[in-house]
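The report that follows goes through selected local features of a protein model, from surface exposure and ring pairing to core, pocket and backbone.

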Amino acid sequence: MQKNKTRNLTAKIVSLVVAILLWSYVMGVENPSEYRTVRNIKVNFLHLDTMERRGLELMNPTDTFVNVRISGKKMDLEKLSHDSISATVDLEGYSAGEVRIPINIRLNNAPEKLEVVSQSPSDIVVYIDRIITKEMDVKIVTNGNPEENFILGDLESATPKVSVKGPSSAINQVKRMEAYVDINGRTQAFTVSVPVYAVDDLGQEIPGVDFTPSTVDVTVPIYRTAIIPIELVMEGKLPTNYEITNMEITPPTVALKLIQEGEIPPKITTEPINVEKLINRKEKKLNLIIPDGFATVDNKKEYYLHFDIHEYVQKSVIINRRQIMYYNIPEGLRVDEDNLPDSYEIILRGYKPSLENIQAGNLRFDVNLVDAIEGRNAVHLNVKSSEFPELSIPEASTIEIVMVPIEKEESMEQEE
């Protein structure tokens, strides 16, 4: 019996060993060790809230992925999923700038015998920026034009400034804050709430920027306009030997806008100008009298009176009798040229610069003999000059000529 017990125990031990060997063999064949690569595991960034409290912001990359190679038994690897693997980058303690940070891989709820063999990439370069805040003016930009004969006034914003917040790299690109208002076809004032945009030099919107408030209320005045002629008001008198000529108002009209509805005046007058104070000048700035309820469209525009003021003087000159022409000679009479002097001394009246430079021998004169009679006649000369049209001869200045009858022979010769 003892021998049978010993023989049975030995058989049992042998059977167990064989069973273990068989199980190991089967497991080695059916569930072998192998590798598996899990791709596109999203990387999570840790402590973003801590960075924000420190006035920092992760600029890039915002989305990154990693591939993980894992070794283990086939059956264990088959149980693996994306949720079983976590990839993280810890941003704690980093400051603004470009830094390289390792990517940490962790297996969650996975068999203990699984092992991370490698990962790609193993680290990542991130750019961290400082968050800054600045106050900026809001520029109101209009689109379109009011109806004809209407004009846009000065825009008013209830919130002319906004607080702009964001990464320094984005804020530095912001050249201005703009709000856009459509005025096309408008004929009266209105108020509108419009969004604000952060833009660069080219007017392109800058992303990643926050601002407060995000909208502004804009009051848009629209005025009716009118083009009105300017009337010159003068006072005083020039001395008797002066004359003002070539007066011209530049520009001759003024564009007005109606601040309040009312009747449009037919003209706009200037403040009185003292004529005596214009001597030795060529122009005078004008001040317009604008009625209540009106304003100039362009308050920077200036208006001027351009003019010439001449001093009249008299000058005695000697002229040749051949410079004189006669017309309207009475029938039956002629000028007795044999009794005319070779030259005459006459008085010329004209502008001082003209008389100082005039050549008397180049002038031409004529005499109207319509009222001449036989015998001696005191007649008045008229001076003809295209170069100096202002020249004249005083009425009291005359010359003497003799009118004689035309003899019959002369009359017949003239008829022939």
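## Basis and exposure classes

A residue is called buried when its relative accessible area is under 20%, exposed when that value is over 50%, and partly exposed in between. The coordinates discussed here are those of a predicted model.

By this scale tyrosine 197, at 28% relative accessibility, is partly exposed because its value falls between the two limits. Tyrosine 180, with 30% relative accessibility, is likewise partly exposed, and these two residues meet again in the next section as partners.

## Aromatic pairs

Two aromatic pairs are present in the structure. One of them joins tyrosine 180 and tyrosine 197, whose rings are 5.7 Å apart centre to centre, with 40° between the planes, a geometry classed as tilted. Tyrosine 180 belongs to strand β12 (residues 176-182) and tyrosine 197 to strand β13 (residues 190-199), so the pair ties together parts that are 17 residues apart in sequence.

## The largest nonpolar core

In soluble globular proteins, nonpolar side chains tend to be buried together. The largest nonpolar core of this model has 27 residues, and those that touch the most other members are Ile324, Ile346, Leu348, Phe365, Leu369, Leu381 and Ile401. At least two residues of this core come from each of the strands β24 (303-320), β25 (324-327), β26 (333-335), β27 (343-351), β28 (364-368) and β31 (399-405).

Phenylalanine 365 may serve as an example of the surroundings of a core member. When residues up to four places away in sequence are not counted, phenylalanine 365 touches Ile319, Gln323, Ile324, Met325, Ile346, Leu348, Leu381, Asn382, Val383 and Ile393. Among these contacts are Gln323 and Asn382, which count as polar, as well as Ile324, Ile346, Leu348 and Leu381, which are also listed among the core residues that touch the most other members.

## The largest pocket

Rolling a probe the size of a water molecule over the atoms shows where empty space is left. The largest pocket found in the model has a volume of about 230 Å³. Its lining is made up of 13 residues, of which Glu52, Leu56, Glu57, Ile131 and Lys165 are the closest to the centre. Two or more lining residues are given by each of α2 (48-53), β2 (56-60) and β11 (161-167).

Sorted by class, the lining of this pocket comprises six nonpolar, three polar and four charged residues.

## Unusual backbone geometry

Most residues other than glycine have a negative phi, and most peptide bonds are trans. Two peptide bonds that precede proline are cis in this model: the bond from asparagine 60 to proline 61 has omega near -5°, and the bond from serine 120 to proline 121 has omega near 0°. Proline 61 is located in the loop between β2 and β3 (65-73), while proline 121 sits in the loop between β7 (115-120) and β8 (123-143).

Positive phi values occur at two asparagines, although neither is a glycine: asparagine 149 has a phi of about 70°, and asparagine 328 has a phi of about 60°. Asparagine 149 is placed in the loop between β8 and β9 (150-152), and asparagine 328 in the loop between β25 and β26. With 42% relative accessibility, asparagine 328 counts as partly exposed.

## Individual residues and separations

Threonine 269, in strand β20 (residues 268-269), is partly exposed at 24% relative accessibility. Apart from neighbours within four places in sequence, threonine 269 is in contact with Glu231, Val233, Asn287, Leu288 and Ile289. The C-alpha atoms of threonine 269 and leucine 288 are 6.1 Å apart, and the two residues are 19 residues apart in sequence.

Leucine 333, in strand β26, has 14% relative accessibility and counts as buried. Beyond four places in sequence, the contacts of leucine 333 are Ala372, Ile373, Glu374, Met403, Val404, Pro405 and Ile406. From leucine 333 to proline 121 the C-alpha to C-alpha distance is 128 Å, with their positions 212 residues apart in sequence as the separation.

Aspartate 371 lies in the loop between β28 and β29 (375-379) and, at 69% relative accessibility, counts as exposed. Aspartate 371 and glutamine 314 are 57 residues apart in sequence, and their C-alpha atoms are 28 Å apart in space.

Terms used
Residues numbered from 1 in each chain as written. Predicted model: local features only at pLDDT ≥ 70, side-chain atom pairs only at ≥ 80, totals over all residues. Heavy atoms only, no water. 1 Å grid on protein atoms, 1.4 Å probe; cavity = no way out; pocket = protein on both sides within 12 Å on 5 of 7 lines; lining within 4 Å. Points joined across faces, edges and corners; volume = space filled by probe spheres on them. Helix = DSSP H or I, 4+ residues; strand = E, 2+ residues; numbered from the N terminus. Core = buried A, V, L, I, M, F, W, Y, C linked by side-chain atoms within 4.5 Å. Buried < 20%, exposed > 50% of the residue type's maximum accessible area, 1.4 Å probe, protein only. Contact = heavy atoms within 4.5 Å. Phe/Tyr/Trp six-rings, centres within 6.5 Å; stacked < 30°, edge-to-face > 60°.
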